[in-house]
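Reader: Could you take me through one part of this protein up close, with the terms explained as you go? I'd be glad of one connected answer.

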Amino acid sequence: ERVFSFGPVIVGGQGSVDGSGLDAAKFRISNPKAIPCDVKFDIKPRAGGSKDSLPFDLSTNGLSIPPHEYRYVKVRFKPPGLQTYNAVFEAIVPDGKDSKTNLLRFELKGDGTVPT
């Protein structure tokens, strides 16, 4: 199972419960090939969910990555209420021919909570 969990985050996204303020995650996206590639990013609801109600935000919708290099994409979690939220992160290389490297997909998860 491929899941990234933000853990408990204070409602409104003002910081994590442990006081570290880490309510954003940074994911390293690599280009293992000898040619540059464009990568498109999206956060989708799980089956039956609405995209309008997702509390996850991307720093960018796409990147160009030079050969044998990497770039970072950030995802911020700002829960509007006291509940568990789930979504699916996707990184897609639209022109990719290699099925092992042209798609990255995993679940995002986080819990809205109140300060203690």
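**A pair of strands and their surroundings**

Author: Happily! In strand 8, the residue that bridges to Phe-89 is Phe-106. Please keep in mind that this is a predicted model, where local features need pLDDT of at least 70, side-chain atom pairs count only at pLDDT 80 or more, and totals for chains, interfaces and linings use all residues. Residues are numbered from 1 along each chain as its sequence is written, and side-chain values use heavy atoms, with hydrogens and water left out.

Strand 7 (residues 84-92) pairs with strand 8 (residues 103-113) in the antiparallel sense, over nine bridges. Strands here are DSSP runs (E, at least two residues) numbered from the N terminus, and two of them pair if DSSP finds at least two bridges between them. The wider setting is an open, mixed sheet of five strands, ordered 1-8-7-3-5. Strand 1 (3-10) and strand 5 (62-65) are at the edges with a single partner strand each, so one side of each has no neighbour in the sheet.

Phe-89 also belongs to the largest nonpolar core, which has 22 residues; Phe-89 is among those that touch the most other members, as are Val-39 and Leu-108. Such a core is a set of buried Ala, Val, Leu, Ile, Met, Phe, Trp, Tyr and Cys residues joined through side-chain atoms within 4.5 Å, where buried means under 20% relative accessible area (1.4 Å probe, protein chains only). Strand 7 and strand 8 are among the elements that give two or more residues to this core. Leaving aside residues up to four places away in sequence, Val-39 touches Ala-91 and Ile-92, among others, with contact meaning heavy atoms within 4.5 Å.

Technical notes
Helices (H or I, at least four residues) and strands (E, at least two) are DSSP runs, numbered from the N terminus. Buried means under 20% relative accessible area, exposed over 50%, partly exposed in between (1.4 Å probe, protein chains only).
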